[in-house]
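Here is a short round of questions on how the labels for one chain are earned. Look at the model first.

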Amino acid sequence: MTATPAMRIGGWLLAPLAWLLMTLLSTTLAVAFYLLAVASPQTHQALSAQSASTVALWYASLVFALAMWGYTLWLAVMFFKRRVGVPKHYIIWLLLTVLLAIKTFAFAPVSDELALRQLLLPLLAAALLVPYFKRSKRVKQTFVNAK
């Protein structure tokens, strides 16, 4: 009795992987910009001139960016290892990206047009990829490694 080996990452799974890696790149850049700003004395002067709520929101954004970067990095590693929990965590990750885009739309001082553009891609990705991860045979055959 021989076991069939797990499928390699390929086919339509390359699109979610590309989305994950591009998000990892963008969150890496966001975290790098935040860390450069934290290291800058000019940022500390500018933040000290702001209200306490603005400073708290800025540091909350830094914490959320770090948390999203860590989760995205962890998910990318698990994706390449083809772990069983990847489909569930990928769906959670997609919903988190939608929530962060909604947060930007609701609370960031940017134009509605820019906020809608930033909200459109996570919504579209979630709308297309959540059903794919829930129903695809390819996903069920690819993510089979326990540990």
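Q: What is the volume of the largest pocket, and what makes it a pocket?
A: The volume is about 1100 Å³. On a 1 Å grid over the protein atoms alone, a pocket is an open set of points with protein on both sides within 12 Å along at least five of seven lines. The volume is the space filled by probe spheres set on the points, which are joined across faces, edges and corners. The model is predicted: local features need pLDDT of at least 70, side-chain atom pairs count only at pLDDT 80 or more, and totals for chains, interfaces and linings use all residues. Residues are numbered from 1 along each chain as its sequence is written, and side-chain values use heavy atoms, without hydrogens and water.

Q: Which residues are closest to the centre of the largest pocket, and what makes a residue part of the lining?
A: A lining residue has an atom within 4 Å of a point. Of the 29 that line the largest pocket, L100, A101, K103, T104 and Q118 are closest to its centre.

Q: Which helix supplies the largest share of that lining?
A: α3 does, with 8 residues. Helices are DSSP runs (H or I, at least four residues), numbered from the N terminus. The chain has 6 helices and 0 strands.

Q: How do you know how far the chain is from a compact globule?
A: The globule rule is 2.2 Å times the number of residues to the power 0.38, and the radius of gyration is taken over C-alpha atoms. For 147 residues a compact globule would have near 15 Å, but the chain has 19 Å. The C-alpha trace spans about 70 × 30 × 20 Å along its principal axes.

How values were computed: Helix = DSSP H or I, 4+ residues; strand = E, 2+ residues; numbered from the N terminus. 1 Å grid on protein atoms, 1.4 Å probe; cavity = no way out; pocket = protein on both sides within 12 Å on 5 of 7 lines; lining within 4 Å.
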